[in-house]
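Trainee: I am new to this structure and would like a close look at one part of it. Could you start from a single spot at the surface and lead me inward from there?

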Amino acid sequence: MACDLSLGRKVPCKNVVGGIKAVYFIDYGDITIAYDSTDTDLIEDLGAVTAYKYELKGNSSFEQTFTASRENGTTFFEQTLNLTLTKLTKEDNKELKLLAYGRPQVVVHDYNGNAFLMGAEHGAEVSGGTIVTGGAMGDLSGYTLTLSAQEQVPANFLEGSTEADPFGGLTSTVTVTAGTNS
């Protein structure tokens, strides 16, 4: 039967940390996903695509919650990405507006060298956010965004990702476009 368990799990070593290093937005429909031939939880190729890199520091998080219903015979995974982007600019306003209008696929790259593809089949939606300048000198002047995706499986790992390069193990080249500091 397809839902029988196949292995156990020991308590792992305490050698990991939390936090997201960067996210990479890819326009929905540009990706051609190729899964590892022996492990469909691992993506070995996204095709030749352009990814738009957003570096992060601090308050951003990625969470996956699953919902299973015995009555309905269904299971799905809710993927939620919370981003805090510092500094307000007119260029960011334009890009974030386009992000809100679209439904990108998102590569989430953590500080452990893992890279996950959020919204692999259906894309991710901007479900809320703020453009804020705080009341005190130490308050946030920037953006908060929440993106969500509903998928049949958890976000897949990208093959061969490292702390330095989330796309290093893929068979095609991913062109990364990074912003400028201003």
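Mentor: Let's start with Lys90, whose relative accessible area in this predicted model is 58%. The cut-off for exposed is over 50%, so Lys90 counts as exposed. Which residue does Lys90 form a salt bridge with? The partner is Glu91, and the closest N and O atoms of the pair are 3.0 Å apart. Glu91 has a relative accessibility of 45% and is therefore partly exposed. As a general point, side chains of opposite charge can pair when their charged atoms come close.

How many salt bridges does a search of the whole structure find? It finds 2. Lys53 and Glu55 also meet through their side chains, with 3.8 Å from N to O. In that pair Lys53 is partly exposed at 26% relative accessible area, whereas Glu55 is exposed at 59%.

Now let's move on to the helix α1. This helix lies across β6, β9 and β10, and runs at about 20° to β10. Those three strands belong to an open sheet of 4 strands, ordered β5-β6-β10-β9, with antiparallel pairing. At its edges are β5 (61–69) and β9, each of which pairs on one side only. From one strand to the next, the twist averages 15°.

Follow the pairs in this sheet one by one. β6 and β10 run antiparallel and are joined by 10 bridges. Along this pair, Asn82 of the sheet stands opposite Thr146 in β10, and Thr84 has Thr144 in β10 as its bridge partner. On to β9, which covers residues 125–133 and pairs with β10 over 8 bridges, again in the antiparallel sense. There, Thr133 has Ser141 of β10 as its bridge partner.

Next comes the inside. The largest nonpolar core holds 21 residues, and Val23, Leu81, Val106 and Leu147 have the most contacts inside it. Two or more residues each come from β1 (20–26), β6 (74–86), α1 (90–101), β7 (105–110), β8 (115–118) and β10 (141–151). Which element gives the most to this core? It is β10, with 4 residues. Leu81 is a good residue to click on: leaving aside residues up to four places away in sequence, Leu81 touches Ile20, Val23, Ser61, Phe62, Val106, Val108, Met118, Leu145, Thr146 and Leu147. Another core, of 16 residues, lies apart from this one and includes Val107, Leu158, Leu170 and Val174.

Some of the strands that feed the largest core, such as β1, β7 and β8, sit in a second open sheet. This one has 8 strands in the order β2-β3-β11-β8-β7-β1-β4-β12, with mixed pairing. Its edge strands, β2 (34–36) and β12 (174–178), each have a single partner strand, so one side of each is left without a neighbour in the sheet. Here the twist averages 35° from one strand to the next. Within this sheet, β7 and β8 pair in the antiparallel sense over 4 bridges, and His109 has Ala115 in β8 as its bridge partner.

Let's finish back at the surface, with Gly29 in the loop between β1 and β2. Is Gly29 buried or exposed? Gly29 is exposed, at 55% relative accessible area. Gly58 is 29 residues from Gly29 along the chain, and 30 Å separate their C-alpha atoms.

Notes:
Residues are numbered from 1 along each chain as its sequence is written. This is a predicted model: local features need pLDDT of at least 70, side-chain atom pairs count only at pLDDT 80 or more; totals for chains, interfaces and linings use all residues. Side-chain values use heavy atoms; hydrogens and water are left out. A nonpolar core is a set of buried Ala, Val, Leu, Ile, Met, Phe, Trp, Tyr and Cys residues joined through side-chain atoms within 4.5 Å. Buried means under 20% relative accessible area, exposed over 50%, partly exposed in between (1.4 Å probe, protein chains only). Contact means heavy atoms within 4.5 Å. Two strands pair if DSSP finds at least two bridges between them. Axes are lines fitted to C-alpha atoms, for helices over the stretch in contact, and angles run from 0 to 180 degrees between N-to-C directions. A salt bridge is a side-chain nitrogen of Lys or Arg within 4 Å of a carboxyl oxygen of Asp or Glu.
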